[in-house]
Amino acid sequence: MKIHGYADEGLEIEEIVPAELAEITLVATPEELRRIAKFLENCANGIETRGASWEHEHLSDKDRFFMGSPHFVVFN
């Protein structure tokens with residue numbers, strides 16, 4: 001597993017270069033953690049079912065509860 005991310009520095013999308021991170025910290029409620037766990041389970045099922053044709057999913061696209069949250073993306 002690798003974790004990539006970038007700071008919100010107001011850059012244009014073309015200027016953003018994700019960096020490999022050594023650690024992430026989620027500050028979340030129990031409800032948010034359960035929603036994220038459900039999202040991750042669904043991503044795992046998609047990867048198992050579709051293999052290489054499953055590319056990525058955005059948490060906020062699958063659960064509108066996270067619409068105003070930082071982007072959370074799972075990439076295959």
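Ile 24 sits in the loop that runs between strand E2 (19–20) and helix H1 (30–50); helices (H or I, at least four residues) and strands (E, at least two) are DSSP runs, numbered from the N terminus. The structure is a predicted model, in which local features need pLDDT of at least 70 and side-chain atom pairs count only at pLDDT 80 or more, while totals for chains, interfaces and linings use all residues. Residues are numbered from 1 along each chain as its sequence is written, and side-chain values use heavy atoms, with hydrogens and water left out.

With a relative accessible area of 49%, Ile 24 is partly exposed. On this scale, buried means under 20% relative accessible area, exposed means over 50%, and partly exposed lies in between (1.4 Å probe, protein chains only). Ile 24 also belongs to a nonpolar surface patch of about 340 Å², which it makes together with Leu 21, Leu 26 and Leu 33. Patches are made of residues with over 30% relative accessible area and no salt bridge; like charges are joined within 9 Å, and nonpolar side chains (Val, Leu, Ile, Met, Phe, Trp, Tyr) within 5 Å. The areas themselves come from the Shrake-Rupley method with a 1.4 Å probe, and for residues only the protein chains shown count as cover. Ala 44, which lies in helix H1, is 20 residues from Ile 24 in sequence and 20 Å from it in space, C-alpha to C-alpha. Ala 44 is partly exposed, at 36% relative accessibility.

Stepping back to the whole chain, there are two helices and four strands, and their order along the sequence gives the pattern β-β-α-β-α-β. The C-alpha atoms fill a box of roughly 35 × 30 × 25 Å, taken along the principal axes. The protein chain has 76 residues, of which 16% are buried. About 6400 Å² of the chain is exposed, with carbon and sulfur atoms supplying 54% of that area. Among contacts between residues at least 6 apart in sequence, 28% join residues at least 24 apart; a contact means heavy atoms within 4.5 Å.

How confident is the predictor in this chain? The mean pLDDT is 95, and 100% of the residues reach 70 or more, where pLDDT is the predictor's confidence in each residue, from 0 to 100. Among the elements, H1 has the highest mean pLDDT (98) and strand E1 (residues 4–5) the lowest (92).

Turning to the interior, the largest nonpolar core has seven residues: Ile 36, Phe 39, Cys 43, Trp 54, Leu 59, Phe 66 and Val 74. A nonpolar core is a set of buried Ala, Val, Leu, Ile, Met, Phe, Trp, Tyr and Cys residues joined through side-chain atoms within 4.5 Å. Helix H1 provides the largest share of this core, three residues. When residues up to four places away in sequence are not counted, Phe 66 touches Glu 32, Arg 35, Ile 36, Leu 59 and Ser 60.

Charged side chains add another layer to the picture. Side chains of opposite charge can pair when their charged atoms come close. The whole structure holds three salt bridges, each defined as a side-chain nitrogen of Lys or Arg within 4 Å of a carboxyl oxygen of Asp or Glu. Glu 31 pairs with Arg 35, and their closest N and O atoms are 3.2 Å apart. These two residues are separated by about one helical turn because they stand four residues apart in helix H1. Glu 31 is partly exposed at 44% relative accessibility, and Arg 35 is also partly exposed, at 28%. Arg 35 meets Asp 63 in another salt bridge (2.7 Å, N to O). This pair links distant parts of the chain, 28 residues apart, since Asp 63 lies in the loop between helix H2 (59–62) and strand E4 (73–75) while Arg 35 is in helix H1. Asp 63 is buried, with a relative accessible area of 14%. Glu 31, Arg 35 and Asp 63 are thus linked in a network of salt bridges.

Glu 57, found in strand E3 (residues 56–58), forms a salt bridge with Lys 62 (3.5 Å, N to O). Which partner is buried and which is exposed? Glu 57 is buried, at 18%, whereas Lys 62 is exposed, at 55%. Beyond its neighbours within four places in sequence, Glu 57 is in contact with Phe 39, Cys 43, Lys 62, Phe 72, Val 73 and Val 74.
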